[in-house]
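User: I am new to this structure and would like a close look at one part of it. Please take the sheet in the second chain, then show how the rest relates to that part.

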Amino acid sequence: MSDGNRPPQRHMADAPRTADEAAAKGETPRPMTETAAIAGDRDAAGNTPVSAPHRPARPSGVEHPSPYGSDEVSFRGLDRESRPVSVVVFSDDFLLEQGASAYLGVHPEVEVLPSGMLPEAQVALVIVDVVTDETIGLIEYITSLAPAGPLTILIGDLLYRHHVLRAIDAGLAGVIPRRGAAFEHVLAAIMGLRKGSLRLPGEVLASMKSWLNSMESQALEPLGLTLSGLHKREIEVIRLLAEGLSTREIAEQLNYSERTVKNIIHGTLSRLNLRNRVQAVAFAIRSGVL
Amino acid sequence: MCPRACQPTTAAARSVRCNWGSTRFIRVLSTVLTMNAARTLVRVAPAQHRRAMADLGVVVPASSTAQAPVQVAVIAGDPITGQGVATYLATRPEILVLEADRQQHAQVVLVIVDVISEETFRTMRVLADSADEKPGFVLIGDDLRENQVPRVVSLGMVSVLSRRTADFDQVVQAVLNLRDGRLELPGNAVSWLAERLRNIQRKVLEPNGLCAAGMTEREVEVLAMLADGLDTAEIAKRLNYSERTVKNAIYAVISRLNLRNRAHAVAYAIRNGAI
């Protein structure tokens, strides 16, 4: 293996986690590793800054572009190129990491890079037996290198709902259940990324779906919101717009003033960056609320 | 010293000094060692254990071995398809196809259509409402549009297979997986789920100060202390709030999330990773 430049004791436990996580667990900051050096946001002494919010904070002002797609395009995937896919392997088991790197390195369609070249890699593989907060922290770190950074595949079992939520929120591109995982599955997943297919195990999908359902009824409904991002009042108005009613007619029907209706529409347009009422109607239909 | 009767049988057990000198200790130890060896085999999680873990918020993949046949109702867009599918499934021991008059007992409803339309969803909604216990659905059709995904998601546990490519083995597997709590969805639906999840976190929860469990930071603070056994007065003192504020926070969580009492609220917070 060509990994001469990696310090011998590199271990996933030393991998950078978010500062807030470290603080929340009451642990002392860990010494910097070379992967933290890439991040460049640790202080010179190599200590992660300590602060106290209960959830790991997102870097402010940085909107992680989603690999999952927006209105037009579904899952981003890898570029469809013919050259080998560059992969970096992480594991909390050093032997496993070496073995995986060696096995994958033999395959002609895959090129294994050392962990120091993480930002240049196209895919990051994280292989663990037990998924912990640390694992999720690592995934969040890797995905924070987006958009130029690697897509992450986790080989492990996402058993806890809050892990599922954090991992998907961070933009995890694929999950392979640990039991029975063989390298052919790993290779299939990596090649699948090339074709733009997102692989998640059935139980993870079920967990995501049930969270969405319960969020809808518990957190969204009381606030009058819906999964589409449109407020209930806005949907009422847009529904009538779709029927071809004018502002005045809508105001009459819903018992609002014309100014209120105009404000509602304007609020929708500006919040969702829509250009006009026509686009608002199209958005509502495409989101499945009409 | 161990009684003669319980000589350690495994090498590992032998290397352990048996302080208790009881047969029970040796049995427990060898069970543990065997279980560790069995870790690499497929984990079998009986349904009750899986449900109990699911309560804790743990998603446990189950295996489909050694369980009663799944009761399945078959709904198809035309009689030939329906009868053909029912006839084939009758040959599979893992599946029990229900007669038309017993369909309300179905655990999984197989819906086979050419085009997935609003009518499909209406039919599914009627079936879901009229059944004894809300069934899961395996919908076999093509070209699920992204704006139909919310409907699919709101109907409960629904897997969607492509009619063009699915063969019977895949259908049976999908039915069994659904019974075990695993969904199968096409790529655009998975992307939609993932994107919604991110959107909710960022555009709804965060701006309203809610965490992933649907609670505000203050509510989480208070619940964390409740979980440590503190009472209202102590919490108020620690957090420098008035007692009324603390009580209001607790009450807000309970009523908004439809929980029954403080213990339920604490359990909910733990299960959802908030504390």
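Analyst: Two strands count as a pair if DSSP finds at least two bridges between them. The model described here is predicted. In it, strand E1 of chain B, residues 70-76, and strand E3 of chain B, residues 108-115, are joined by five bridges and run in the parallel sense. Within this pairing, B:Val72 has B:Val108 of E3(B) opposite it.

These two strands belong to an open sheet of five strands in chain B, ordered E2-E1-E3-E4-E5, and the pairing is parallel. At the edges are strand E2 (95-97) and strand E5 (158-162) of chain B, each of which pairs on one side only. From one strand to the next, the twist averages 30°.

Helices lie against this sheet. Helix H5 of chain B, residues 118-130, lies across E1, E3, strand E4 (136-142) and E5 of chain B, and runs at about 165° to E4(B). Helix H7 of chain B, residues 168-179, also packs on the sheet and touches E1, E2, E3, E4 and E5 of chain B. The direction of H7(B) makes about 145° with that of E4(B).

Chain A can be read in the same order of topics. Its open sheet has five strands in the order E2-E1-E3-E4-E5, with parallel pairing. Strand E2 (110-112) and strand E5 (174-176) of chain A are the edge strands. Strand E1 (residues 85-91) and strand E3 (residues 123-127) of chain A are parallel and joined by five bridges; A:Ser91 has A:Ile127 in E3(A) as its bridge partner. Helix H4 of chain A, residues 133-143, lies across E1, E3 and strand E4 (151-155) of chain A, at about 160° to E4(A). Helix H6 of chain A, residues 183-195, lies across E1, E2, E3, E4 and E5 of chain A, at about 155° to E4(A).

The chains also touch each other. In this interface, 49 residues of chain A contact 46 residues of chain B. Between them the two chains bury about 4,500 Å², with 61% of that on carbon and sulfur atoms. Two salt bridges are found across the interface of chain A and chain B, including one between the side chains of A:Glu203 and B:Arg182, at 2.9 Å from N to O. Helix H5 (161-170), helix H7 (202-220) and helix H11 (277-286) of chain A each supply at least two residues to the side that touches chain B. H7(A) gives the most, with 14 residues. By class, that side of chain A has 24 nonpolar, 14 polar and 11 charged residues.

Definitions and conventions: Residues numbered from 1 in each chain as written. Chains lettered and ligands numbered in written order. Predicted model: local features only at pLDDT ≥ 70, side-chain atom pairs only at ≥ 80, totals over all residues. Heavy atoms only, no water. Contact = heavy atoms within 4.5 Å. Buried area = accessible area lost by both parts, 1.4 Å probe. Salt bridge = Lys/Arg side-chain N within 4 Å of Asp/Glu carboxyl O. Helix = DSSP H or I, 4+ residues; strand = E, 2+ residues; numbered from the N terminus. Nonpolar A, V, L, I, M, F, W, Y, C, P; charged D, E, K, R; others polar. Axes fitted to C-alpha atoms, helices over the stretch in contact; angles between N-to-C directions.
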